[in-house]
Amino acid sequence: MQLFRVERHKVLHTHGNTVFSFSGTKNSPSLFHFSRLSGYAMIRILLADNQAIFRSGMARVLSSQDDMTVLGQCGAPDELLPLIAPARNAILLLAASLETDIDRTFAAASANGVRIILLHDNGNEPETAVARKMDGLLSRHVSTDDLLHCVRRVFNGERAVKAPVAEVDDSVGRRIRDALTTRELQIVGFIVQGWKNRQIADEIGTKEQVVKNYLRSIYDKTGASDRLELALFTLHHRPLAEAAAKAVTPTSSLSA
């Protein structure tokens, strides 16, 4: 879990018209002082998702907005309640895949004025009773515009539930999947899991430079510019994501 403790007189970072004053620590007893030079409130956001790469991508998108700031994030169920406790009136983006205790989470959020937007995978929508408790409901693979629109609606006191969209044929995902070799798909699978080049090299029995060479080829084929962009691209294209996940194991039968 990542939290930031306030130091009121030490400005460490500026973003747009917003001045932030904080220092990064774990288990901080107090959170987040900020001031808007233009005078209106920031949308304060908590992220809870067990997929670190996806969580990092959301944090990057949300933090790029002048009216939003990410207060903290966690990737495990036992970190969620401590994340909520000090963050009054924040918005929690909660991945259903985190498999937390929804009733306890909802109770803690309600007691602290935290509103919840639940992110689910397509084809794995939450039960009606769970969905009714949420202030917002989105597919994990929703567009950036829809994500930002939902967050702003919930911040304004509205309930934002986007109906699930029928899955369409992903020709891009299939094309990229078919363009990658088995070894490249395996490396993509490790990248999605957050592995470093050295870890991948040790796992597949090669040198780190060889992994870097594979990554250059993967970037050329996918159009991604770095490992975060590659991971997010993969997660948004189910045929590619499924093939990469399958390629990760077993490793012994894979050829270079």
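Where is isoleucine 91 found? In this predicted model, isoleucine 91 sits in strand S8, which covers residues 91-95. Its relative accessible area comes out at 0%, so isoleucine 91 counts as buried. Setting aside neighbours within four places in sequence, isoleucine 91 is in contact with Ile43, Arg44, Ile45, Leu46, Arg115, Ile117, Val151, Val154 and Phe155. One of these partners, isoleucine 117, is 26 residues away along the chain, yet the two C-alpha atoms are separated by 7.3 Å.

Stepping back to the chain as a whole, there are 11 helices and 11 strands. Of its 256 residues, 43% count as buried. Among contacts with a separation of 6 or more, 60% come from residues 24 or more positions apart. The chain exposes about 13,000 Å², and carbon and sulfur atoms supply 49% of that area.

Now for the nonpolar interior. In soluble globular proteins, nonpolar side chains tend to be buried together. The largest nonpolar core here has 25 residues, and the members touching the most other members are Leu180, Ile187, Ile191, Ile200, Leu215, Ile218 and Leu230. At least two residues of this core come from each of helices H7 (182-192), H8 (197-204), H9 (208-222), H10 (227-235) and H11 (238-248). Isoleucine 218 gives a close-up of the packing: not counting residues up to four places away in sequence, isoleucine 218 touches Leu180, Glu184, Ile187, Val188 and Leu230. Apart from this core lies another, of 22 residues, with Phe54, Met68, Cys150 and Val151 among them. Val151 is also one of the contacts of isoleucine 91.

Cysteines deserve a quick word. A disulfide is a covalent bond between the sulfur atoms of two cysteines. In this model the disulfide count comes to zero. Cysteine 150, a member of the 22-residue core, has 3% relative accessibility and so counts as buried. Cysteine 74 is buried too, with a relative accessible area of 1%.

Burial isn't reserved for nonpolar residues. Aspartate 67 is placed in the loop between helix H1 (52-63) and strand S7 (68-74). With a relative accessible area of 14%, below the 20% cut-off, aspartate 67 counts as buried. What does its side chain make a polar contact with? The partner is the side chain of arginine 152, at 2.8 Å.

Charged pairs come next. Side chains of opposite charge can pair when their charged atoms come close. A search of the whole structure turns up seven salt bridges. In one of them, aspartate 103 pairs with lysine 133, with the closest N and O atoms 2.6 Å apart. This pair links distant parts of the chain, since aspartate 103 belongs to helix H3 (residues 102-111) and lysine 133 to helix H4 (residues 128-133), 30 residues apart. Aspartate 103 is partly exposed at 49% relative accessibility, and lysine 133 is partly exposed at 30%.

Arginine 153 forms another salt bridge, with glutamate 158, where the closest N and O atoms are 3.1 Å apart. Arginine 153 is partly exposed at 26% relative accessibility, and glutamate 158 is partly exposed at 39%.

A further salt bridge joins glutamate 208 and arginine 198, with 3.2 Å between the closest N and O atoms. The two residues are 10 apart in sequence, glutamate 208 in helix H9 and arginine 198 in helix H8. Relative accessible areas of 26% for glutamate 208 and 41% for arginine 198 make both partly exposed. Salt bridges with shared partners tie Arg198, Asp202 and Glu208 into one network. Helices H8 and H9 also each supply at least two residues of the 25-residue core.

Last up is the backbone. Most residues other than glycine have a negative phi. Asparagine 89 is not a glycine, but its phi is positive, at about 65 degrees. Asparagine 89 is placed in the loop between helix H2 (80-84) and S8, and its 45% relative accessibility makes it partly exposed. Glutamate 99 likewise has a positive phi, near 55 degrees. Glutamate 99 lies in the loop between S8 and H3, and at 68% relative accessibility, over the 50% cut-off, glutamate 99 counts as exposed.

Note on methods
Residues numbered from 1 in each chain as written. Predicted model: local features only at pLDDT ≥ 70, side-chain atom pairs only at ≥ 80, totals over all residues. Heavy atoms only, no water. Helix = DSSP H or I, 4+ residues; strand = E, 2+ residues; numbered from the N terminus. Buried < 20%, exposed > 50% of the residue type's maximum accessible area, 1.4 Å probe, protein only. Polar contact = N/O pair within 3.5 Å; in protein donor to acceptor, adjacent residues only side chain to side chain. Core = buried A, V, L, I, M, F, W, Y, C linked by side-chain atoms within 4.5 Å. Contact = heavy atoms within 4.5 Å. Salt bridge = Lys/Arg side-chain N within 4 Å of Asp/Glu carboxyl O. Disulfide = S-S within 2.5 Å. Areas by Shrake-Rupley, 256 points an atom, 1.4 Å probe, with all protein chains shown as cover.
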